[in-house]
Amino acid sequence: MKLTPKVILEGTRLTGKTDLAYALNEHPRLVGHRKYRYHSPLISAEWSGFSNEPWGRGLIDFAPEETAQAIETYETWVRMFELQRYYSWIVDRFHLSTTAYQARQGRELDFGWLEDRLKPLNFAIVLCTRPEDTFVEARAERLKISANPKQYVSLEPFIAEQHQLRALAAKSVLPVFEFDVTRHGPDDVADFLEERSLLTL
């Protein structure tokens with residue numbers, strides 16, 4: 001049986017989303033045993049493709065006047081998923097992150113239509129989290145490699161966003177697995193998908 005898992009990774013900063021995305025995208029239980037390495041789809045709403053500047057605006061933090069562009073981008077992605085439904089898709093941040101950010105700007109978005117189209121494709125959400133008392137240690141590690149350290153001065157926004165994303169995930173119609181980065185690993189995601197028959201379509 002062909003493996004066709006579709007995973008949306010959500011979570012605030014310092015929760016290991018991107019590392020997990022790469023690990024899942026090469027995990028034999030999700031993409032099969034490979035004799036050689038080749039690229040599989042790994043996309044992200046964090047791409048700053050809406051402005052011509054480093055760390056510029058994108059699908060999460062778009063400006064009000066870019067709303068139509070953002071919605072069209074989401075429509076384009078979901079149509080791509082529908083047209084290539086028999087393949088694996090790993091998404092590093094998506095609509096929950098957009099909803100959370102825009103809500104903090106006082107703008108309410110409804111992505112019910114998006115989830116209604118993602119659900120028949122067997123998409124699942126993996127919400128990456130960490131205990132609040134471990135954010136300090138995670139920041140120390142990140143500062144060793146970060147090209148933009150000023151964003152980690154305060155940890156309160158990350159803790160608040162984690163609560164916000166938990167609340168949004170609880171309302172989702174998609175299956176949700178809360179992945180505690182301090183105790184879970186890629187096999188736990190594979191177990192979750194396998195138990196719910198989400199590894200194939």
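The lining of the second largest pocket in this predicted model divides into five nonpolar, four polar and three charged residues. This pocket has a volume of about 230 Å³. Its lining is made up of His 95, Leu 96, Thr 99, Leu 109, Asp 110, Phe 111, Gly 112, Glu 115, Leu 168, Lys 171, Ser 172 and Val 173. The elements that give two or more residues to this lining are H4, H5 and H7, and H4 provides the largest share, three residues.

The largest pocket, for its part, has a volume of about 1200 Å³. A total of 42 residues line the largest pocket, and those nearest its centre are Arg 13, Glu 46, Arg 93, Gln 151 and Tyr 152. Two or more lining residues come from each of helix H1 (17–24), E2, H4, helix H6 (135–142) and helix H7 (156–171). Of these contributors, H1 gives the most, with four residues. Sorted by class, the lining of the largest pocket holds 16 nonpolar, 13 polar and 13 charged residues.

Helix H3 offers a nice check on geometry. At 1.5 Å a residue, its 17 residues should span 24 Å, and the end C-alpha atoms of H3 are indeed 24 Å apart, in agreement with that expectation. Which residues of H3 are buried? They are Thr 67, Ala 70, Tyr 74, Trp 77, Val 78, Phe 81 and Glu 82. Because these buried residues cover an arc of only 140° around the axis, they lie on the same side of H3. The helical repeat helps in reading this pattern: an α-helix has 3.6 residues a turn, so residues three or four places apart point the same way. On the face of H3 turned away from the buried side sit the exposed residues Ala 68, Glu 72, Thr 76 and Leu 83. The cover over the buried residues of H3 includes E2, strand E3 (89–92), helix H4 (95–104), helix H5 (112–118) and strand E4 (123–129). H4 thus appears in this cover as well as in the linings of the largest pocket and the second largest pocket.

Ahead of H3, Ala 63 is placed in the loop between strand E2 (42–44) and helix H3 (67–83). Is this loop residue buried or exposed? With a relative accessible area of 12%, Ala 63 falls under the 20% cut-off and therefore counts as buried. Ala 63 also illustrates how sequence and space part ways: Gln 105 is 42 residues away in sequence, yet the C-alpha atoms of the two residues are 9.7 Å apart.

Terms used: Residues are numbered from 1 along each chain as its sequence is written. This is a predicted model: local features need pLDDT of at least 70, side-chain atom pairs count only at pLDDT 80 or more; totals for chains, interfaces and linings use all residues. Side-chain values use heavy atoms; hydrogens and water are left out. Buried means under 20% relative accessible area, exposed over 50%, partly exposed in between (1.4 Å probe, protein chains only). The expected span of a helix is 1.5 Å times one less than its number of residues. The arc is that of the directions from the helix axis to the C-beta atoms. Contact means heavy atoms within 4.5 Å. On a 1 Å grid over the protein atoms alone, a cavity is a set of points where a 1.4 Å probe fits but cannot get out, and a pocket is an open set with protein on both sides within 12 Å along at least five of seven lines; lining residues have an atom within 4 Å of a point. Grid points are joined across faces, edges and corners, and a volume is the space filled by probe spheres set on the points. Ala, Val, Leu, Ile, Met, Phe, Trp, Tyr, Cys and Pro count as nonpolar, Asp, Glu, Lys and Arg as charged, and the others, Gly among them, as polar.
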